[in-house]
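Trainee: I am new to this entry. Could we go through it together?
Mentor: Certainly; please bring it up and ask as you go.

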Amino acid sequence: MNSPRIVEVRKNILKQNDEIAHALRGRFEEAGVFVVNLVSSPGSGKTAFLESTLTKLRTDFRVAALVGDLATENDAIRLARSQVPVRQIITGTVCHLEAAMIERNLKDWNLHELDFLFVENVGNLVCPSSYDLGENLRVVLMSVTEGEDKPLKYPTIVNSADVAVITKTDLADAVEFDWPVAAKNLRAVRPGIEILQVSAKSGSGMDAWLQFITSQRRDVVEHLVWHS
Ligand SMILES: Nc1nc2c(ncn2[C@@H]2O[C@H](COP(=O)(O)OP(=O)(O)OP(=O)(O)O)[C@@H](O)[C@H]2O)c(=O)[nH]1
Ligand SMILES: [Mg+2]
């Protein structure tokens with residue numbers, strides 16, 4: 001008897017989130033900031049990858065990051081080593097970031113002073129897929145140690161992503177990672193999805209990733225200039 005009401009409440013929450021995300025997207029666009037949302041299972045390497053990304057990007061761009069976790073400031077402390085503005089969002093019992101949390105935590109940041117804003121979502125392969133944060137690009141990370149079948153088991157998150165990044169490639173041989181099968185599984189769920197390969201530890205693949213996001217940002221910014 002309770003089910004219809006639960007579904008209704010859930011629909012309302014998602015609708016409210018979409019409205020806030022829509023407003024955020026407008027603010028990001030107006031400020032010319034390119035927003036990247038990183039999603040993955042716990043421990044796939046989001047923070048290591050993001051710390052490396054922030055450190056490399058900050059020489060040419062103005063960058064900042066928000067990071068969500070149920071508890072601890074650990075990831076914000078790690079990301080702050082890149083010397084860019086970082087803020088931790090503690091979600092308590094909530095297994096994903098919501099647009100309202102992003103809005104609240106941007107508070108005193110001037111978006112016009114940023115070129116890139118990165119959001120590290122809570123490590124979870126299910127909940128974050130339903131919550132738009134107003135981002136330009138959603139990146140799903142999958143580490144080689146998780147197994148090639150994860151896209152088939154968690155299709156919704158892959159389906160909601162714009163690009164897939166396979167992480168910890170330095171460990172690929174040790175776990176006998178099957179690259180063709182991983183690519184086949186990702187593309188079975190999300191046909192045509194671009195797949196990048198990185199190791200935050202060795203730095204391999206980071207240049208291709210940086211080229212990819214800077215060109216994605218250029219396309220968005222040029223599109224805005226063209227239409228203004
Ligand atoms: N060998 C290797 N280990 C890595 C790499 N990237 C991350 N790790 C390790 O993997 C573990 C998890 O990395 P994190 O960066 O904390 O992963 P995360 O996705 O941010 O984790 P949560 O925020 O807790 O979901 C740590 O022990 C990292 O040192 C990599 O490229 N190669
Ligand atoms: Mg992390």
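Trainee: Is strand β2 mostly covered or mostly open, and how many of its residues are buried?
Mentor: Please keep in mind that this is a predicted model. Strand β2, residues 63-69, is mostly covered, with seven of its seven residues buried.

Trainee: Which residues lie on each side of β2?
Mentor: V63, A65, V67 and D69 are on one side, while A64, L66 and G68 are on the other; both faces are covered.

Trainee: Which strand pairs with β2 through L66?
Mentor: That is β4, residues 116-120, which runs parallel to β2 over five bridges. The partner of L66 there is V119.

Trainee: And what does V67 stand opposite?
Mentor: V67 faces Q88 in β3. Strand β3, residues 86-90, also pairs with β2 in the parallel sense, over five bridges. Between β2 and β3 the chain passes through helix α3, residues 74-79, in a right-handed β-α-β crossover.

Trainee: Changing topic: how many residues surround ligand 1, and which are the closest?
Mentor: There are 18, and the closest are K46, T47, A48, R78 and D170. Helix α2, residues 46-57, and α3 each supply at least two residues of the shell, and α2 gives the largest share, three residues.

Trainee: What is the make-up of that shell by class?
Mentor: It has four nonpolar, six polar and eight charged residues.

Trainee: Which atoms of D75 and G43 approach the ligand?
Mentor: A polar side-chain atom of D75 lies 3.0 Å from an oxygen atom of ligand 1. For G43, a polar backbone atom is 3.0 Å from a ligand oxygen. Of the 650 Å² that ligand 1 exposes when taken alone, the protein buries 71%.

Conventions: Residues are numbered from 1 along each chain as its sequence is written. Chains are lettered from A and ligands numbered from 1 in the order in which they are written. This is a predicted model: local features need pLDDT of at least 70, side-chain atom pairs count only at pLDDT 80 or more; totals for chains, interfaces and linings use all residues. Side-chain values use heavy atoms; hydrogens and water are left out. Buried means under 20% relative accessible area, exposed over 50%, partly exposed in between (1.4 Å probe, protein chains only). Helices (H or I, at least four residues) and strands (E, at least two) are DSSP runs, numbered from the N terminus. Two strands pair if DSSP finds at least two bridges between them. A crossover is right-handed if, with the strands pointing away from the viewer, the path from the first strand over the helix to the second runs clockwise. A residue is near a molecule or strand if one of its heavy atoms lies within 4 Å of it. A polar contact is a pair of N or O atoms within 3.5 Å; within protein, one must be able to donate a hydrogen and the other to accept it, and residues adjacent in sequence count only if both atoms are side-chain atoms. Accessible areas come from the Shrake-Rupley method with a 1.4 Å probe; for residues, only the protein chains shown count as cover. Ala, Val, Leu, Ile, Met, Phe, Trp, Tyr, Cys and Pro count as nonpolar, Asp, Glu, Lys and Arg as charged, and the others, Gly among them, as polar.
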